[in-house]
Amino acid sequence: MSAQELVIFDLETTGLSPAGDEIIQIAAMRMMDGRAIQSDTFFSYVNPVQSIPPWISFYTGITEKDVRNAPPIGPVLRDFSQFVGGATLIAHNGHRFDMRFLAASCQRYQLNIRPVPYYDSLGLSWILWGRQGYRHGLDDLVNRLGISPTGVRRHDARGDVHLLAQAVEKMWEQVCATYGQPNLELYHGVLPLVAAA
DNA sequence: GCTAGGCAGGAACCCCTCCTCCCCT
């Protein structure tokens, strides 16, 4: 891959199924040429149609009170799409989780869509440590890479994006140092179409 | 670590189906 603009993002949802669960939080951070830009971020709660299951509130710390006055998914995803612009997305397990939620939400709420390229940061971990023999969860990456999670609220999209951005920076650097250019699979997903300014 | 779904990949087998694991909330 050549120098490029990435948007690292993370979703919190009401469960694991894109078909039946909903997004309740989106956070993202821009990354230019392998460096995360701490000041260039996106964040929003989302007011879901369904209530938040208690175990999700326990897991994420996100409660009904947090989302009560938040905008619905349509405007949030359009704002997010605007923030992403022409960048390539990257999320951890995004191929099987986050991007499916984005696609399902666009379909469920009949949002006009545009194609968006994305990477899955799991791929960077697989390149560095091999798919077998290592675990590749975000906590495992943070531990292996020596990233300090102190002061970071894990399972909150802002906290997870903060950790993932550091992890992607380090993995990107290591992969480039070892292999030159990362041979990372580029996938294609969707985001809402945003009217041209 | 509890709850949920489902892909990806491997095994067994002959090309689909079944099974198990990973990873996300």
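Below are some exercises on a predicted model, each with a worked solution.

Local features here need pLDDT of at least 70 and side-chain atom pairs count only at pLDDT 80 or more, while totals for chains, interfaces and linings use all residues. Residues are numbered from 1 along each chain as its sequence is written, chains are lettered from A and ligands numbered from 1 in the order in which they are written, and side-chain values use heavy atoms, with hydrogens and water left out.

**Exercise 1. Find which residues come nearest to DNA strand B, and which elements supply the surface near it.**

Step 1. Start with the term: a residue is near a strand if one of its heavy atoms lies within 4 Å of it. There are 25 residues around DNA strand B, and Glu12, Trp55, Tyr59, Arg96 and Leu138 come nearest. On the DNA side, sugar and phosphate make up 48% of the strand B atoms that come within 4 Å of the protein.

Step 2. Now look at the elements, which are DSSP runs numbered from the N terminus (helices are H or I with at least four residues, strands are E with at least two). Strand E1 (5-13) and helix H1 (54-60) each give at least two residues to this surface. H1 has the largest share, with five residues.

**Exercise 2. Work out which atoms of Asp10, Asn93 and His136 lie 3.1 Å from an oxygen of DNA strand B.**

Step 1. For Asp10, pick a side-chain N or O atom: a phosphate oxygen of DNA strand B is 3.1 Å away.

Step 2. For His136, go to the backbone instead, where an N or O atom lies 3.1 Å from a phosphate oxygen of DNA strand B.

Step 3. For Asn93, an N or O atom of the side chain is 3.1 Å from a sugar or linking oxygen of the strand. Asn93 sits in the loop between strand E4 (88-91) and helix H4 (98-108). Its phi is positive, about 65 degrees, although Asn93 is not a glycine.

Step 4. Is Asn93 buried or exposed? Buried means under 20% relative accessible area, exposed over 50%, and partly exposed in between (1.4 Å probe, protein chains only). With 26%, Asn93 is partly exposed.

**Exercise 3. Describe how the rings of Phe9 and Phe80 are arranged.**

Step 1. You need two values, as a pair of aromatic rings is described by the distance of the centres and the angle of the planes. Rings of Phe, Tyr and Trp (its six-membered ring) pair if their centres lie within 6.5 Å; planes under 30 degrees apart are stacked, over 60 edge-to-face, and the rest tilted.

Step 2. The structure holds seven aromatic pairs. In the one made by Phe9 and Phe80, the centres are 5.5 Å apart and the planes are at 50 degrees, so this pair is tilted.

Step 3. Place the two residues: Phe9 is in strand E1 and Phe80 in helix H3 (residues 73-84), 71 residues apart, which makes this a link between distant parts of the chain. Both Phe9 and Phe80 are buried.

Step 4. Widen the view: Phe9, Phe42, Phe80 and Phe83 form one aromatic cluster. The charged end of Arg30 sits over the ring of Phe83, 4.2 Å from its centre (for such a charge, NZ of Lys or CZ of Arg is within 6 Å of the ring centre and within 35 degrees of the ring normal).

Definitions and conventions
Polar contact = N/O pair within 3.5 Å; in protein donor to acceptor, adjacent residues only side chain to side chain.
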